[in-house]
Amino acid sequence: MLTEGISVPSLNTEFLGRDTKEAACKLLGQYICRETEEGLVSGIIIETEAYLSENDSACHAARGKSRRNATMFGPPGIAYVYFIYGNHYCFNVVTGPEGKGEAVLIRAVEPVEGLELMQKRRGEGCKINNLTSGPGKLCQAFAIDRSLDGHDLSRKPLYLKENALHKGVLSIKNTPRIGVSSAQDKPLRFIINGNAFLSR
DNA sequence: GTTAAGATCTGCT
DNA sequence: GCAGATCTTAACG
């Protein structure tokens, strides 16, 4: 039986509400965990992108609140999940002050627990480094869909967890964002330098 | 009501 | 390396 909505010993997400770029950096190296009736999967966040409310035409919230992006205007620390290209979900962490409309897209994670379950969801024989190396892929591996839109990420069945090992010893690099057709000049993508599970 | 574009992935060349 | 899949959303009529 799944214990929905139970608080877990999770990451202190206080920093998410301050600055979105800072949040994108600090989410790198932390665990993301997902529990379903099939079992637990988890991974380390290794690639993020910041989407800002001001002066950022690539952000869904750039033209005000709408039905699709309403979740982005909610309190920091909740999930914003949307469907794109007819095939894929993308998973974001809402950041910044409530009502501002900013978020951090989780683009890739390094698989840690539940590899077999991820493989089952992604397709038998799927290579390890192809399980979660992209926003659509990790949503499939983690069984993330729109039922988790607005979910509080300090609670089961989807939550962030602190990774004490990575404190302050990460080599973080920032680059332009991937896949956006505007605001390509902004270096708002953050990656753990050299990690084998990056989307590219 | 209709249409075009999109924070992507896969399979084929 | 490139085109196709596939559907939701938002903008327009």
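This text walks through helix H1 and then the protein surfaces around DNA strands B and C. The model is predicted.

Start with helix H1, which spans residues 20-27. Its buried residues are Thr20, Ala23, Ala24 and Leu27. These residues lie on the same side of H1, because they cover an arc of only 100° around the axis. Several strands help to cover them. Among the covering elements are strand S2 (39-51), strand S4 (88-95) and strand S5 (102-113). Strand S7 (158-161) and strand S9 (189-192) also contribute to the cover.

Now look at the two ends of the helix. At the start of H1, Asp19 places a side-chain oxygen within 3.2 Å of the backbone nitrogen of Lys21. After H1 comes Gly29, which has a positive phi, near 90°.

Move next to DNA strand B. The protein sets 19 residues around this strand. Those that come nearest are His60, Tyr82, His88, Asn92 and Arg122. Of the strand B atoms that come within 4 Å of the protein, sugar and phosphate make up 50%.

Three polar contacts involve phosphate oxygens of DNA strand B. The side chain of His60 has an N or O atom 2.9 Å from one phosphate oxygen. For the side chain of Arg122, the distance from an N or O atom to a phosphate oxygen is 2.6 Å. Lys137 uses its backbone instead: a polar backbone atom lies 3.3 Å from a phosphate oxygen.

Which elements give two or more residues to this surface? They are strand S3 (79-84), S4, S5 and helix H3 (135-141). H3 supplies the largest share, three residues. By character, the surface near DNA strand B divides into nine nonpolar, seven polar and three charged residues. Strands S4 and S5 thus appear in two places: they help to cover the buried residues of H1, and they give residues to the surface near DNA strand B.

Turn last to DNA strand C. Ser66, Arg68, Phe83, Tyr85, Gly86, Asn87 and Arg146 surround this strand. Here sugar and phosphate account for 75% of the strand C atoms that come within 4 Å of the protein.

The polar contacts reach both backbone and bases. A polar side-chain atom of Ser66 sits 2.3 Å from a phosphate oxygen of DNA strand C. Tyr85 contacts a base: one of its backbone N or O atoms lies 2.6 Å from a base oxygen. Asn87 also contacts a base, with a polar side-chain atom 3.1 Å from a base nitrogen. The surface near DNA strand C comprises two nonpolar, three polar and two charged residues.

Conventions:
Residues numbered from 1 in each chain as written. Chains lettered and ligands numbered in written order. Predicted model: local features only at pLDDT ≥ 70, side-chain atom pairs only at ≥ 80, totals over all residues. Heavy atoms only, no water. Buried < 20%, exposed > 50% of the residue type's maximum accessible area, 1.4 Å probe, protein only. Helix = DSSP H or I, 4+ residues; strand = E, 2+ residues; numbered from the N terminus. Arc of directions from axis to C-beta. Contact = heavy atoms within 4.5 Å. Polar contact = N/O pair within 3.5 Å; in protein donor to acceptor, adjacent residues only side chain to side chain. Near = heavy atom within 4 Å. Nonpolar A, V, L, I, M, F, W, Y, C, P; charged D, E, K, R; others polar.
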